[in-house]
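Please look over the sequence and the model together before reading on. The paragraphs below are meant to be read with both in view.

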Amino acid sequence: MVRCQVVMDALERIAPKRLAEDWDNPGLLVGAFNQDIRKILVCLDVSDNVVEQAIAAGANMIVAHHPLIFKGLKKIRTDLPLGARLQQLLKHDIAVAAAHTNLDIAVGGVNDVLAEAIGLSKLSTFVITDQQEDGTVESLGRMGSLPAPMAVEDFARQVREALPAGHVRLVHAGARPVRKVALCSGSGAEFIQKAAFMGADVYVTGDVKYHEAQAAVELGMHVIDAGHFATEFPVVEVLRQRLTEELAEYQMEVIADQSSQNFFTVI
């Protein structure tokens with residue numbers, strides 16, 4: 001076993017908290033820095049199913065991408081979902097930490113994992129969030145290239161097959177082959193105009209609404225909406241591997257959520 005602080009230090013090396021957006025809530029959300037951790041479960045969301053997995057597996061720490069607690073709590077009602085979940089976590093002494101936008105932005109984080117999965121190379125910055133004194137530029141999302149131009153329909157199929165998506169939604173903007181790709185995991189429709197202005201042939205993200213799709217067509221850029229879940233879930237296994245490597249000297253067992261699925265299905 002190791003102290004929770006040791007795990008949090010490892011998570012800080014993977015996804016420094018300073019990278020997080022101001023509105024975000026990463027870090028240790030349930031538990032104490034001095035509690036002993038014997039096993040870690042990595043997930044996208046701290047759902048009831050994930051908590052049950054942790055209890056069954058004997059894991060007493062959950063590291064998630066999405067923060068379990070996001071806004072200020074004024075009450076903890078154990079007859080409501082969040083309150084009941086917190087009650088279970090506290091009852092079983094399970095700590096919960098989150099790495100959210102800091103893991104989106106970090107090198108090797110959510111967006112780099114997504115870019116690699118869908119076949120991009122020559123990655124560069126997209127939405128710049130900060131520039132350090134040493135010249136390091138931090139970015140939400142990525143720009144990248146395909147090895148050769150391809151039809152957007154073929155690329156959409158490639159994205160669908162590469163991710164746990166089941167389906168993708170294609171916003172077709174005319175006879176424009178795809179080579180330059182912009183992406184932002186999760187919910188990134190607000191950056192459609194930026195992707196178009198940066199010369200992207202297609203933008204890959206999730207949670208795109210009707211009028212956002214309309215704007216993309218008017219700008220002459222394709223959009224592939226692969227969904228919030230599918231564009232982010234691949235990082236779970238990568239984060240498991242990274243934490244295992246960071247905590248190797250302690251022989252910490254780190255497992256990944258294997259059963260969570262997208263809330264949306266196509267009928």
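What follows goes through a set of parallel strands, then a helix and its packing, and then the aromatic pairs.

The model is a predicted one, and a convenient place to enter it is strand β5, which spans residues 61-64. Both faces of this strand are covered, with Met61 and Val63 buried on one side and Ile62 and Ala64 buried on the other. On one hand, β5 pairs in the parallel sense with strand β4 (residues 39-43) over 4 bridges, and among the bridge partners is alanine 64 of β5, which is matched with cysteine 43. On the other hand, 4 bridges join β5 to strand β6 (residues 95-98), and these two strands also run parallel; here alanine 64 stands opposite alanine 98 in β6. Alanine 64 therefore has a bridge partner in β4 as well as in β6.The connections between these strands can be followed along the chain. From β5 the chain crosses through helix α3 (residues 81-91) to β6, and this β-α-β crossover is right-handed. The unit made by β4, helix α2 (residues 48-57) and β5 is likewise a right-handed β-α-β unit.

Further along the chain, helix α6 (residues 152-162) has as its buried residues Val152, Phe155, Ala156 and Val159. Because these residues cover an arc of only 105° around the axis, they lie on the same side of α6. What do the buried residues of α6 pack against? Their packing partners are the strands β8 (137-150), β9 (169-171), β10 (178-183), β11 (202-205) and β12 (222-225).

The aromatic rings give another view of the model, in which 4 aromatic pairs are counted. One of them joins phenylalanine 126 and phenylalanine 191 in an edge-to-face arrangement, at 6.2 Å centre to centre and with 80° between the planes. Since phenylalanine 126 lies in strand β7 (residues 121-131) and phenylalanine 191 in the loop between β10 and α7 (192-197), the pair ties together parts that are 65 residues apart in sequence. Phenylalanine 126 and phenylalanine 191 are both buried, and together with Tyr203 they form one aromatic cluster.

A further pair is formed by phenylalanine 229 and phenylalanine 233, whose ring centres are 4.8 Å apart and whose planes meet at 20°, so this pair is stacked. Phenylalanine 229 counts as buried because its relative accessibility is 10%, and phenylalanine 233, with a relative accessible area of 15%, is buried too; the cut-off behind both assignments is a relative accessible area under 20%.

Conventions
Residues numbered from 1 in each chain as written. Predicted model: local features only at pLDDT ≥ 70, side-chain atom pairs only at ≥ 80, totals over all residues. Heavy atoms only, no water. Buried < 20%, exposed > 50% of the residue type's maximum accessible area, 1.4 Å probe, protein only. Pairing = 2+ DSSP bridges. Right-handed = clockwise from strand over helix to strand, strands pointing away. Arc of directions from axis to C-beta. Contact = heavy atoms within 4.5 Å. Phe/Tyr/Trp six-rings, centres within 6.5 Å; stacked < 30°, edge-to-face > 60°.
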